[in-house]
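Student: I have a structure in front of me and do not know how to read it. Could you take me through its features one at a time?

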Amino acid sequence: MRLVLLGAPGSGKGTQAARLKEHLQVPHISTGDLLRAEVAAGSKLGLEAKEVMASGNLVSDEILLGMLEDRFSRPDTRDGFILDGYPRNLAQADALDKLLTRIRQPMDYAVQLDVPTDLLVERIAGRAKAEGRADDSPESVRTRLKVYDDQTAPVIEFYRQHGQLTVVDGVGGLDDVFNRIIEALVPAKEVG
Ligand code: AMP
């Protein structure tokens with residue numbers, strides 16, 4: 001199954017993707033994780049991305065598409081994947097659609113985790129304490145939420161128009177949200 005998780009920073013995409021990966025037995029592809037690995041490795045790409053990431057802005061579409069193409073060319077994605085953190089704007093949504101059409105692996109589902117903004121801020125603050133991510137500073141968080149509203153939210157409409165969108169209530173315990181996602185995916189699994 002090929003699915004993309006949509007939702008604001010702090011909506012629980014990463015947490016749910018990790019669980020879905022075990023349940024569906026397909027790889028979890030997080031563009032944030034891929035970028036953080038490049039930064040940690042000190043690669044050329046990582047050096048380019050580092051400051052942009054720390055500020056909460058988006059790394060260039062070109063870098064992201066190259067990274068994704070590379071990831072999709074690995075054999076473990078043949079039976080599907082859970083994409084998390086991409087697409088972040090309409091140009092990326094369009095590029096992904098074209099890429100998946102070209103490799104004949106169209107998206108089955110776009111699952112939006114719906115969480116109100118005040119709860120997002122609370123969750124990110126909790127994560128900042130627990131993980132100490134460089135982009136969880138208050139200023140960067142504000143930028144990330146604004147970038148989400150301005151650039152990423154329109155992607156939801158893109159998938160709605162393509163008939164691929166499922167909205168899931170992202171408020172509640174991890175298990176509750178996970179079960180809601182699984183329920184939303186059942187029809188596709190039955191069709192195969
Ligand atoms: P995330 O872990 O998904 O919140 O991503 C962390 C940071 O990596 C973001 O704030 C961006 O700076 C960068 N990033 C991740 N995915 C993308 C993307 N699809 N397009 C542009 N930048 C991205």
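Tutor: Start with the pockets, keeping in mind that this is a predicted model. Rolling a probe the size of a water molecule over the atoms shows where empty space is left. Here the largest pocket has a volume of about 970 Å³.

Student: Which residues are the closest to the centre of the largest pocket?

Tutor: They are Lys13, Asp84, Arg127, Arg133 and Arg144, out of 45 residues that line the largest pocket. Several elements give two or more residues to this lining: strands S1 (2-6) and S2 (28-30), and helices H1 (13-24), H2 (31-41), H6 (117-131), H7 (138-161) and H8 (174-191). The largest share, five residues, comes from H2.

Student: How do the residues of that lining divide into nonpolar, polar and charged?

Tutor: The lining of the largest pocket has 15 nonpolar, 19 polar and eleven charged residues.

Student: What is the volume of the second largest pocket, and which residues line the second largest pocket?

Tutor: Its volume is about 150 Å³. The lining consists of Arg36, Val39, Lys50, Met53, Ala54, Arg133, Ala134 and Asp135. H2 and helix H3 (44-55) are the elements that give two or more residues to it, and the largest share, three residues, comes from H3. By type, the lining of the second largest pocket divides into four nonpolar, no polar and four charged residues.

Student: Next, the interior. How many residues does the largest nonpolar core have?

Tutor: In soluble globular proteins, nonpolar side chains tend to be buried together. In this model the largest nonpolar core has 33 residues, and those with the most contacts inside it are Leu6, Phe72, Leu83, Leu96, Met107 and Tyr159. S1, H3, helix H4 (61-72), strand S3 (81-84), helix H5 (90-102), H6 and H7 each give two or more residues to this core. H7 provides the largest share, seven residues.

Student: Take Leu96 as a case. Which residues is Leu96 in contact with, leaving aside its neighbours within four places in sequence?

Tutor: Leu96 is in contact with Leu68, Phe72, Leu83, Tyr86, Pro87, Met107 and Tyr159. There is also a second, separate core of 18 residues, which includes Leu113, Val177, Phe178 and Ala184.

Student: Now a single helix. Which residues of H2 are buried, and why do they line one face of the helix?

Tutor: The buried residues of H2 are Thr31, Gly32 and Leu35. Seen down the axis of H2, these buried residues fall within an arc of 100 degrees, so they line one face of the helix. They pack against S2, H3, H4 and S3. The face of H2 turned away from the buried side carries the exposed residues Ala40 and Ala41. After H2 comes Gly42, with a positive phi near 70 degrees.

Student: Which residues other than glycine have a positive phi?

Tutor: Gln25 and Arg104 can serve as examples. Phi of Gln25 is near 55 degrees, and Gln25 lies in the loop between H1 and S2. Arg104 has a positive phi of about 55 degrees and sits in the loop between H5 and strand S4 (109-114).

Student: Are Gln25 and Arg104 buried or exposed?

Tutor: The cut-off for exposed is over 50% relative accessible area. Gln25, at 62% relative accessibility, therefore counts as exposed. Arg104 is exposed too, with a relative accessible area of 73%.

Student: Last, the backbone. Where is the cis peptide bond?

Tutor: The bond from Tyr86 to Pro87 is cis, with omega near 0 degrees. Pro87 lies in the loop between S3 and H5.

Conventions. Residues numbered from 1 in each chain as written. Predicted model: local features only at pLDDT ≥ 70, side-chain atom pairs only at ≥ 80, totals over all residues. Heavy atoms only, no water. 1 Å grid on protein atoms, 1.4 Å probe; cavity = no way out; pocket = protein on both sides within 12 Å on 5 of 7 lines; lining within 4 Å. Points joined across faces, edges and corners; volume = space filled by probe spheres on them. Helix = DSSP H or I, 4+ residues; strand = E, 2+ residues; numbered from the N terminus. Nonpolar A, V, L, I, M, F, W, Y, C, P; charged D, E, K, R; others polar. Core = buried A, V, L, I, M, F, W, Y, C linked by side-chain atoms within 4.5 Å. Buried < 20%, exposed > 50% of the residue type's maximum accessible area, 1.4 Å probe, protein only. Contact = heavy atoms within 4.5 Å. Arc of directions from axis to C-beta.
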